[in-house]
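Q: Could you walk me through one part of this protein in detail? I am new to reading structures, so please take it step by step.

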Amino acid sequence: MRKVQGMTATLLLTDPLFLQHDAGDGHPESPNRLRRILQVLARNPVAGTAMAQPRSATDAELLAVHTPAHLEALEKLGGRFERIDEDTAVSPDSIDAARVAAGAAVQAVEQVMAGHARNAFALVRPPGHHAEPGRAMGFCLYNNVAIAAEAGRRLGAERVLVLDWDVHHGNGTQAAFWGRRDVLYQSVHQFPYYPGSGAAPEVGRGEGQGFTVNCGLPGGNTDADYGMIFQELLLPVAQAYRPDLVLVSAGFDPHRDDPIGGMDVTERGFAAMCTAMRKLAEEVSGGKLVLVLEGGYSLEGLANSAHACIEVLAGRDDSFASGDTNADARAALAASREALKPYWASVR
């Protein structure tokens with residue numbers, strides 16, 4: 001990988017195979033999502049980045065999160081058009097694409113943990129955070145970010161943070177780490193909404209109690225509302241946890257133009273969230289930060305927001321908008337803080 005001004009570049013990982021995954025005519029999770037991101041990057045390249053083509057995930061890497069039965073069921077769908085559920089479908093290249101998507105997330109972690117990349121963004125399809133250990137759902141086949149978190153643990157990260165800002169709760173990631181404290185899962189999402197999980201009292205079980213953080217917001221929340229949630233909940237807990245690796249499930253469906261989500265976030269709001277995570281990583285983990293693409297169904301909103309985050313990874317800073325916050329968002333914040341008070345002094 002090429003060096004940029006004396007340091008390793010921000011690594012962008014993607015593959016033409018991702019464009020071959022086709023969930024069907026009219027499906028919101030279309031190849032045009034990634035295609036538009038790449039078009040915007042081609043028109044407006046970001047200095048300090050390097051593009052690379054990823055490898056497929058191995059069986060062992062997938063089995064760190066998923067059951068053997070899940071792998072076997074998906075492998076049987078290779079080369080076929082099939083509908084798994086009302087939301088999730090595959091085409092002949094989808095299973096191979098899903099393996100490479102998981103491999104891209106793992107490779108991003110490998111490169112960042114080894115110091116070969118400053119940070120990284122896995123620009124992948126299909127997304128992953130709804131995929132449970134034994135079940136594909138919600139457009140997702142393998143849970144890319146959970147597989148990446150397990151890779152980080154194998155590579156020596158004692159504590160891994162997964163922050164999920166997709167408009168939908170990452171039920172699959174939560175399920176993967178529900179009873180553990182070596183991976184802290186944090187999610188800010190629309191609630192109640194698909195898939196129905198992510199209420200404030202969902203904080204983990206057993207040794208993992210307190211290591212799942214959920215803040216479910218009503219629709220219509222702005223950059224300022226998200227800033228409040230980050231500054232008063234997510235960041236204080238993350239700073240107390242002091243992760244050795246920071247992962248982001250980067251879904252851009254909270255964008256104000258998204259046809260599926262109901263939020264009012266702008267590309268500058270996503271850049272502010274990304275800035276907060278980059279600075280957290282610089283503070284606690286030597287800058288080890290990986291973003292993994294999840295949702296986002298407004299082509300322009302998705303592409304412009306992803307581009308803004310890539311600019312942040314390469315060194316640009318953005319701050320959260322100031323202004324009034326939504327009373328419902330303040331109530332959601334209070335509920336999450338109350339649920340977590342027994343576990344985190346930073347939110348008492």
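The answer below looks at one helix, α8, and the residues that connect it to other parts of the chain.

A: Happy to! Keep in mind that this is a predicted model. Helix α8 covers residues 267-284. In an unreviewed entry, UniProt lists residues 27-312 as "domain: Histone deacetylase". Over that stretch, the chain is 40% helix and 14% strand, and its end C-alpha atoms are 30 Å apart.

Let's begin with the nonpolar side of the story. The largest nonpolar core has 111 residues, and Met277 is among those that touch the most other members, along with Phe121, Trp165, Phe230, Leu247, Phe252 and Leu291. The helix that gives the most to this core is α4, with 13 residues. Leaving out residues up to four places away in sequence, methionine 277 touches Leu161, Leu163, Trp165, Phe230, Leu235, Val246, Val248 and Leu289.

Now for the charged residues. Side chains of opposite charge can pair when their charged atoms come close. The structure holds 22 salt bridges, and two of them are worth a closer look here.

One joins arginine 268 to aspartate 318, with 2.9 Å from N to O. Arginine 268 lies in helix α8, while aspartate 318 sits in the loop between α9 (299-313) and α10 (327-340), so this pair ties together parts that are 50 residues apart in sequence. The two partners also differ in their surroundings: arginine 268 counts as partly exposed, at 30% relative accessibility, whereas aspartate 318 counts as buried, at 16%.

Another salt bridge pairs lysine 279 with aspartate 317, where the closest N and O atoms are 3.7 Å apart. Here too the pair links distant parts of the chain, with lysine 279 in helix α8 and aspartate 317 in the loop between α9 and α10, 38 residues apart. Lysine 279 is partly exposed, with a relative accessible area of 42%, and aspartate 317 is partly exposed as well, at 44%.

Finally, have a look at glutamate 282, which also has its place in α8. Glutamate 282 is partly exposed, with a relative accessible area of 46%. Its C-alpha atom is separated by 9.8 Å from that of valine 246, a residue 36 places away along the chain. You have already met Val246, as one of the residues that methionine 277 touches.

To put the picture together: α8 carries Arg268, which pairs with Asp318 in the loop between α9 and α10, and Lys279, which pairs with Asp317 in that loop.

Notes
Residues numbered from 1 in each chain as written. Predicted model: local features only at pLDDT ≥ 70, side-chain atom pairs only at ≥ 80, totals over all residues. Heavy atoms only, no water. UniProt positions renumbered as here; feature names shortened; annotations may be inferred. Helix = DSSP H or I, 4+ residues; strand = E, 2+ residues; numbered from the N terminus. Buried < 20%, exposed > 50% of the residue type's maximum accessible area, 1.4 Å probe, protein only. Core = buried A, V, L, I, M, F, W, Y, C linked by side-chain atoms within 4.5 Å. Contact = heavy atoms within 4.5 Å. Salt bridge = Lys/Arg side-chain N within 4 Å of Asp/Glu carboxyl O.
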